[in-house]
Amino acid sequence: MRMHGSMMQPPVWTWSPQDVAEYLQGLQDFGDRAREYAEVIMREDITGQTFLDLTDNDLILLKVTMGHRKLLLSRIAHLKHAAHPRGVAEAAADFISIDNA
């Protein structure tokens with residue numbers, strides 16, 4: 001996943017567990033726990049698609065602290081929004097209108 005210069009990052013949903021782990025280790029929010037969380041991501045085989053779908057309950061099961069859960073869920077929401085710049089509601093509306101056509 002490492003991208004240099006002006007190259008674009010691949011979409012989050014295509015990330016491997018290694019890519020997700022590298023993303024977590026690159027965040028300053030988690031300090032010394034970043035490596036521990038990255039190891040959990042690798043052990044549990046959490047891909048980018050799975051990462052985007054993580055819930056608070058999932059993070060509890062992964063033993064992420066409460067403060068870090070809140071931060072991580074915020075980061076995940078940001079990644080989801082970046083993946084769908086028009087927003088989740090508009091993307092859902094498009095899906096529903098296509099499905100009903």
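**Cavity, helix α1 and arginine 75**

The largest cavity in this predicted model has a volume of about 50 Å³.

Biologist: OK, so how many cavities of 30 Å³ or more does the structure hold?

Modeller: The largest one comes in at about 50 Å³, which is past that cut-off. Counting everything of 30 Å³ or more, the structure holds 1 cavity.

Biologist: Which helix gives the most to the lining of the largest cavity?

Modeller: The lining is made by Leu24, Tyr37, Val40, Ile41, Leu59, Leu62, Val64 and Leu72. By class that's 8 nonpolar residues, with no polar and no charged ones. The top contributor spans residues 33–43 and puts in 3 residues: helix α2.

Biologist: Is helix α1 largely enclosed by the rest of the structure, or the opposite, and how many of its residues are buried?

Modeller: The buried ones in α1 are Pro17, Asp19, Val20, Ala21, Glu22, Tyr23 and Leu24. Their cover includes α2, α3 (48–52) and α5. Helix α1 runs over residues 17–26 and is largely enclosed, because the buried count is 7 of 10.

Biologist: And arginine 75, is that buried, exposed or partly exposed?

Modeller: Arginine 75 sits in helix α5, residues 66–83. Buried would need under 20% relative accessible area and exposed over 50%. At 29% relative accessibility, arginine 75 therefore counts as partly exposed.

Biologist: How far apart in space are arginine 75 and leucine 27, C-alpha to C-alpha?

Modeller: Leaving out residues up to four places away in sequence, arginine 75 touches Tyr23, Leu27 and Asp29. Arginine 75 and leucine 27 are 48 residues apart in sequence, and their C-alpha to C-alpha distance is 9.6 Å.

Methods. Residues are numbered from 1 along each chain as its sequence is written. This is a predicted model: local features need pLDDT of at least 70, side-chain atom pairs count only at pLDDT 80 or more; totals for chains, interfaces and linings use all residues. Side-chain values use heavy atoms; hydrogens and water are left out. On a 1 Å grid over the protein atoms alone, a cavity is a set of points where a 1.4 Å probe fits but cannot get out, and a pocket is an open set with protein on both sides within 12 Å along at least five of seven lines; lining residues have an atom within 4 Å of a point. Grid points are joined across faces, edges and corners, and a volume is the space filled by probe spheres set on the points. Helices (H or I, at least four residues) and strands (E, at least two) are DSSP runs, numbered from the N terminus. Ala, Val, Leu, Ile, Met, Phe, Trp, Tyr, Cys and Pro count as nonpolar, Asp, Glu, Lys and Arg as charged, and the others, Gly among them, as polar. Buried means under 20% relative accessible area, exposed over 50%, partly exposed in between (1.4 Å probe, protein chains only). Contact means heavy atoms within 4.5 Å.
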